[in-house]
Amino acid sequence: PHQMSGRSGAVLVAATLFLQAGLGSLAATAAAPTATSLIAGYHFPTAILNARQELTETVKATLSASKDFFVGASAGGLASFMVFPIDLAKTRMQDQIVIAGQTPKYTNTFQTLAKVARSEGFRGLYSGVFPVVIGTAPSSALQLGCNNQAKAWFARNINVDITGLPLHFEVLSGAVAGMCQGA
């Protein structure tokens, strides 16, 4: 129904291919029968719709991966923030100098938290939390993002839905995530 002239259609297809996969895609697809027929002036709207659908799927996959990394960073940062007072108490108890025959300033976690809150206020419990959150977020982003991407890759390669991935592939995905996080 919608026909274009060979020249304007070829420009549109070339532009779509370039936007989708870069300059290398133009050279790589020029020899393919579909690209040859497109450049010869055949049915361009179908090719454009197919290229648009492929581009949309690529964008969706990229957004999905970005979402995984963002969720991982947020979860890791929030977890670090929530447990920071306990780490602060542990550090204070470990760093104190204990003199023989004297009662230590900090004796247990709850007593340490109470003393810090009384002497430094609630903000004292979170003194120094920002660098910890900033340091934890990228690591957590990599772990969750790599885990989900590995699961998707395994599911795609064994032709199953990601929810039906066998246990050993789930474990392997976790191992990949651990390697990404630790690297």
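Which residues does F84 touch, not counting residues up to four places away in sequence?

**View 1. Surroundings of F84 in the predicted model.** When residues up to four places away in sequence are left aside, F84 touches L125, Y126, S127, G128, V129 and V132. Two of these partners, L125 and Y126, belong together with F84 to the largest nonpolar core, as does V129.

**View 2. The largest nonpolar core, with ten residues in all.** The core is made up of F84, L88, A89, Y106, L113, V116, L125, Y126, V129 and V133. At least two of its residues come from each of the helices α4, α5 (109-120) and α7 (129-157), and α4 gives the most, with three residues. Another core, of five residues, lies apart from this one and includes F154, A155, L165 and F169.

**View 3. S80, a buried residue of helix α4.** S80 is found in helix α4 and has a relative accessible area of 11%, so this residue counts as buried, the limit for that class being under 20%. Not counting residues up to four places away in sequence, S80 touches V132, V133 and T136, and among these partners V133 is also a member of the largest nonpolar core.

**View 4. A nonpolar patch on the surface.** The patch is formed by L78, F81, M82, V83 and I86, which together have about 470 Å² of accessible area. I86 lies in helix α4, which spans residues 44-95, and because its relative accessibility is 49%, I86 counts as partly exposed, a class that lies between the 20% limit for buried and the 50% limit for exposed residues.

Technical notes:
Residues are numbered from 1 along each chain as its sequence is written. This is a predicted model: local features need pLDDT of at least 70, side-chain atom pairs count only at pLDDT 80 or more; totals for chains, interfaces and linings use all residues. Side-chain values use heavy atoms; hydrogens and water are left out. Patches are made of residues with over 30% relative accessible area and no salt bridge: like charges are joined within 9 Å, nonpolar side chains (Val, Leu, Ile, Met, Phe, Trp, Tyr) within 5 Å. Accessible areas come from the Shrake-Rupley method with a 1.4 Å probe; for residues, only the protein chains shown count as cover. A salt bridge is a side-chain nitrogen of Lys or Arg within 4 Å of a carboxyl oxygen of Asp or Glu. Helices (H or I, at least four residues) and strands (E, at least two) are DSSP runs, numbered from the N terminus. Buried means under 20% relative accessible area, exposed over 50%, partly exposed in between (1.4 Å probe, protein chains only). A nonpolar core is a set of buried Ala, Val, Leu, Ile, Met, Phe, Trp, Tyr and Cys residues joined through side-chain atoms within 4.5 Å. Contact means heavy atoms within 4.5 Å.
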